[in-house]
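Subject: Structure handover and what was found in it

Dear colleague,

I am passing on the structure we spoke about, together with notes on what turned up in it. Please look through the model first and then read on.

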Amino acid sequence: MRLVDIGANLTHPAFAPDLDEVLGRARQAGVETIIVTGTTVEESRQASTLGFPFTAGVHPHHARDCGPDTIPQLKSLAENPRCVAIGECGLDFNRNYSPHPDQEKWFIAQLELGLSLGKPLFLHSRDAHPRFSEILKRHRVERGVAHCFTGEREELRAYLDLGLHIGITGWICDERRGKHLLELVREIPRDKLLLESDAPYLTPRDLKPQPKARRNEPAFLPHILRTVARALGRPAEDVAAETTRNALQLFSLHESGSSTAAQRPLAA
Ligand SMILES: [Zn+2]
């Protein structure tokens, strides 16, 4: 089995002490490629040094810290051939760490950057439907992933109508708040489904035993895969092959080359 984890926050300090072991476990679990999520300019820069495919962007939580240098800096990071998407960018009206006008301004600026570079977008939306989809529609965004989808049917339909891929995380393993996803995941076309850990966040709640400090890892992606496959009533191997193919296509990853976890030099 070969899996692609389309979103892991490997620059998070939680991975600093033992990143090589984390990567070793991921490889053993069949997670062949990991895309490292960039959530600030600085983290995107760090992500670019790890030797993995990565995204360059600013999470809506950090929109208030953006300035005139932000887009030129992201643009220069995106020149790295391993930069496979712009983001994560979007709107988060759940935590509201940044004022809404700032969030919208820098979301749109990143959309425009992605479109001008011909890169797919790595999109974050939390409690921001329908505003989020309105902006995507107005800018004719078609290539990208609604990462960590946790919404309801109407929101899912809006993203699929736009042509977006849908990223499913361990949220679907949460019997309290992710139950609706077990049904909704059946409505995602086979060629639009992607899997992601969002590590170190969103540890699958039904994972036993729970990892130390509840830190999530890319190695737990097969657990999410099996939950999704069960919900679909299909063999995990088939879902693995399809989601891997989808990820390789959307992010223009090559089957071999410098972009796979297996080939990352182990020396930090
Ligand atoms: Zn996110």
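A residue is called buried when its relative accessible area is under 20%, exposed when it is over 50%, and partly exposed in between. By that cut-off Pro-13 counts as exposed, because its relative accessibility is 60%. Please keep in mind throughout that this is a predicted model.

**The zinc site**

The zinc ion is coordinated by three residues, Glu-88 through OE, His-124 through ND1 and His-147 through NE2, at 2.1 to 2.2 Å. Along the chain these donors follow the spacing E-x35-H-x22-H. The two histidines, 23 residues apart, link distant parts of the chain, since His-124 sits in strand S5 (residues 121-126) while His-147 belongs to the loop between strand S6 (144-146) and helix H6 (153-162). His-124 is buried, because its relative accessible area is 11%, and His-147 is buried as well, with a value of 5%. The third donor residue, Glu-88, has its place in strand S4, and the peptide bond that leads into it from Gly-87 is cis, with omega near 15°.

**The largest pocket**

The largest pocket holds about 590 Å³ of space. Its lining is made up of 23 residues, and those that lie nearest its centre are His-59, His-61, His-124, Asp-198 and Tyr-201. Two elements, strand S4 (83-92) and S5, give two or more residues to this lining, and S5 gives the most, with three residues. By class, the lining of the largest pocket divides into five nonpolar, 11 polar and seven charged residues. His-124 therefore appears in your model both as a zinc donor and among the residues nearest the centre of the largest pocket, and it is buried at 11% relative accessible area.

**The cavities**

The structure also holds three cavities of 30 Å³ or more, and in the largest of them there is about 50 Å³ of space. Among the residues that line the largest cavity are Leu-123, Ser-125, Phe-132, Glu-155 and Tyr-159, together with the run from Ala-146 through His-147, Cys-148 and Phe-149 to Thr-150. His-147, which coordinates the zinc ion through NE2, is thus also part of the lining of the largest cavity, and it is buried at 5% relative accessible area. S5 and H6 each supply at least two residues of that lining, which by class has six nonpolar, three polar and one charged residues.

**Helix H5**

Which residues of helix H5 (residues 131-138) are buried? They are Phe-132, Ser-133, Ile-135 and Leu-136, and they lie on the same side of H5, because they cover an arc of only 160° around the axis. What covers these buried residues includes S4, helix H4 (100-117), S5 and H6. One of them, Phe-132, is also in the lining of the largest cavity. Just after H5, Arg-140 takes a positive phi of about 55°.

**Points of backbone geometry to check**

Another cis peptide bond joins Ala-199 and Pro-200, with omega about 5°, and Pro-200 is found in the loop between strand S8 (193-195) and helix H8 (221-232). Pro-13, the exposed residue mentioned at the start, lies in the loop between strand S1 (3-8) and helix H1 (19-28). Although Pro-13 and Pro-200 are 187 residues apart along the chain, their C-alpha atoms are separated by 9.4 Å.

Two further residues other than glycine have a positive phi. Asn-96, in the loop between S4 and H4, has phi near 55°, and it counts as partly exposed because its relative accessibility is 38%. Ser-252, in the segment after helix H9 (236-250), has phi near 50°, and it too is partly exposed, with a relative accessible area of 48%.

With best regards

Notes:
Residues are numbered from 1 along each chain as its sequence is written. This is a predicted model: local features need pLDDT of at least 70, side-chain atom pairs count only at pLDDT 80 or more; totals for chains, interfaces and linings use all residues. Side-chain values use heavy atoms; hydrogens and water are left out. Donors are N, O and S atoms within 2.8 Å of the metal (3.2 Å for Na, K and Ca); water is not among the atoms, so sites may look incomplete. Helices (H or I, at least four residues) and strands (E, at least two) are DSSP runs, numbered from the N terminus. Buried means under 20% relative accessible area, exposed over 50%, partly exposed in between (1.4 Å probe, protein chains only). On a 1 Å grid over the protein atoms alone, a cavity is a set of points where a 1.4 Å probe fits but cannot get out, and a pocket is an open set with protein on both sides within 12 Å along at least five of seven lines; lining residues have an atom within 4 Å of a point. Grid points are joined across faces, edges and corners, and a volume is the space filled by probe spheres set on the points. Ala, Val, Leu, Ile, Met, Phe, Trp, Tyr, Cys and Pro count as nonpolar, Asp, Glu, Lys and Arg as charged, and the others, Gly among them, as polar. The arc is that of the directions from the helix axis to the C-beta atoms. Contact means heavy atoms within 4.5 Å.
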